[in-house]
Amino acid sequence: MKLLVTGGAGFIGSNFIRYILNKYPDYKIVNLDLLTYAGNLENLKDIEKNPQYRFVKGDIADKDLANDLVKDIDVVVNFAAESHVDRSILDSAAFIHTNIVGTHNLLEAAKNNGGKRFHHVSTDEVFGHLGPNDPAFTEKTSFAPRSPYSASKAAADHLTMAYFHTHNLPVTISNCSNNYGPFQFPEKLHGLFITNLLEGKKVPVYGDGMQVRDWLFVEDHCEAIDTIVHKGKIGETYCVGGNSEKPNIEITEKILELLGKGEEMIEYVKDRPGHDRRYAIDFSKIKTELGWEPRTNFDEGMKKTVEWYKNNEDWWRKIKSGEYLEYYNKQYQK
Ligand code: NAD
Ligand code: DAU
């Protein structure tokens with residue numbers, strides 16, 4: 001099988017490429033990535049010489065490029081996105097461009113090249129947020145996005161389903177909860193808090209720290225996408241979750257404990273505007289129909305993640321200093 005993975009130089013995409021090439025050494029992967037601030041080829045250093053793998057620097061919204069690449073592959077797995085909620089609050093233009101225009105362009109390329117199999121990687125944030133006693137999101141929950149990021153992802157999900165209904169494009173979608181694990185950019189909760197503490201800095205907890213997320217170890221998400229790509233029913237969406245609802249303050253305390261730091265390292269800061277209070281996922285559909293469920297429990301995943309950041313200081317220090325961007329901009333400038 002030949003896969004076009006978009007956004008493969010980011011956090012989840014790079015974990016997915018590694019996971020697929022380990023599991024299916026005869027598969028071929030083309031990684032199309034624009035190398036925005038979040039794209040880092042160091043995430044794939046161990047793979048760059050693998051003859052089954054090819055990197056292409058480019059924009060998923062580039063019509064000719066998408067068309068050329070899609071021609072030659074069997075499946076598109078679309079990870080490419082602007083993914084950070086706080087950035088979408090500051091400036092959402094890139095979110096509209098990549099998440100909506102870019103996804104539309106890939107759908108067009110898939111349609112115009114014989115109707116290629118298309119898996120779209122999406123988020124639970126399209127469903128909005130929950131109160132403490134509300135039932136978890138399911139595939140039947142109505143969309144109610146509340147940030148420019150989640151609104152742009154919701155638009156892409158709608159477009160993907162529209163291409164199934166209107167053009168018979170063989171699509172699937174996964175709506176996943178919060179991921180954590182190796183190679184997560186140090187602007188998201190885990191990456192930022194672990195690296196701040198390793199640098200001796202405090203961790204900025206938004207508001208009261210009681211917002212709840214359902215945390216999933218990144219390899220489990222990769223396995224869920226693999227399962228859907230191979231066994232998923234065309235035209236269906238699948239909710240993917242970690243069975244691990246935790247308030248942010250509990251994540252913070254766990255990180256402090258694993259790094260041997262005290263509560264004095266917590267700094268409560270102004271809340272995120274429109275901060276979603278709670279996400280929770282009911283993943284019974286993918287469990288009963290496709291046999292997937294998360295393998296990594298919270299304590300094990302947290303230990304692995306903290307250890308990874310401790311052992312890969314060079315990786316995150318270059319990011320935090322901006323050094324990695326300078327290097328790759330030079331390397332890949334046209
Ligand atoms: P990330 O920000 O780490 O990586 C995004 C990647 O996309 C980067 O490599 C970036 O260079 C690339 N990219 C951005 N714009 C592009 C463009 N126009 N053309 C080509 N490449 C482009 O994101 P992530 O956390 O790995 O998330 C990957 C996907 O999974 C996203 O679609 C996100 O919405 C979804 N998702 C993320 C989570 C999570 O917790 N991180 C949870 C559920 C779903
Ligand atoms: O639910 C899936 C989504 O999870 C993905 O679609 C997004 O791409 C991904 O970024 C993530 O969104 P969140 O906004 O939930 O993740 P983030 O790591 O930014 O924040 C997690 C929680 O921690 C959230 O309630 C905000 C809080 N937070 C975050 C940061 C960066 C803090 O309290 N302080 C911080 O400095």
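Which side chain has an N or O atom 2.6 Å from an oxygen atom of ligand 1? In this predicted model, that side chain belongs to Asp 33.

## Contacts of ligand 1

Asp 33 is also among the residues that come nearest to ligand 1, together with Ile 12, Ser 83, Tyr 149 and Lys 153, out of 29 residues around this ligand. The backbone takes part as well: a polar backbone atom of Phe 11 is 3.0 Å from an oxygen atom of ligand 1, and a backbone N or O atom of Leu 34 lies 3.0 Å from a nitrogen atom of the ligand. Of the 840 Å² of accessible area that ligand 1 has on its own, the protein covers 97%.

## The shell around ligand 1

Helix H1 (11–23), strand S5 (117–123) and helix H5 (148–167) each supply at least two residues of this shell, with the largest share, three residues, coming from S5. Sorted by class, the shell around ligand 1 holds 13 nonpolar, 12 polar and four charged residues.

## The surroundings of ligand 2

Ligand 2 is surrounded by 24 residues, of which Thr 123, Asp 124, Tyr 149, Arg 272 and His 275 are the closest. A polar side-chain atom of Glu 125 lies 2.8 Å from an oxygen atom of ligand 2, while backbone N or O atoms of Leu 189 and Tyr 206 lie 2.8 Å and 2.9 Å, respectively, from an oxygen atom of the ligand. The protein covers 94% of the 680 Å² of accessible area that ligand 2 has on its own.

Helix H6 (189–198) and strand S8 (203–206) are the elements that give two or more residues to the shell around ligand 2, and by class this shell has 10 nonpolar, eight polar and six charged residues.

Notes. Residues are numbered from 1 along each chain as its sequence is written. Chains are lettered from A and ligands numbered from 1 in the order in which they are written. This is a predicted model: local features need pLDDT of at least 70, side-chain atom pairs count only at pLDDT 80 or more; totals for chains, interfaces and linings use all residues. Side-chain values use heavy atoms; hydrogens and water are left out. A residue is near a molecule or strand if one of its heavy atoms lies within 4 Å of it. A polar contact is a pair of N or O atoms within 3.5 Å; within protein, one must be able to donate a hydrogen and the other to accept it, and residues adjacent in sequence count only if both atoms are side-chain atoms. Accessible areas come from the Shrake-Rupley method with a 1.4 Å probe; for residues, only the protein chains shown count as cover. Helices (H or I, at least four residues) and strands (E, at least two) are DSSP runs, numbered from the N terminus. Ala, Val, Leu, Ile, Met, Phe, Trp, Tyr, Cys and Pro count as nonpolar, Asp, Glu, Lys and Arg as charged, and the others, Gly among them, as polar.
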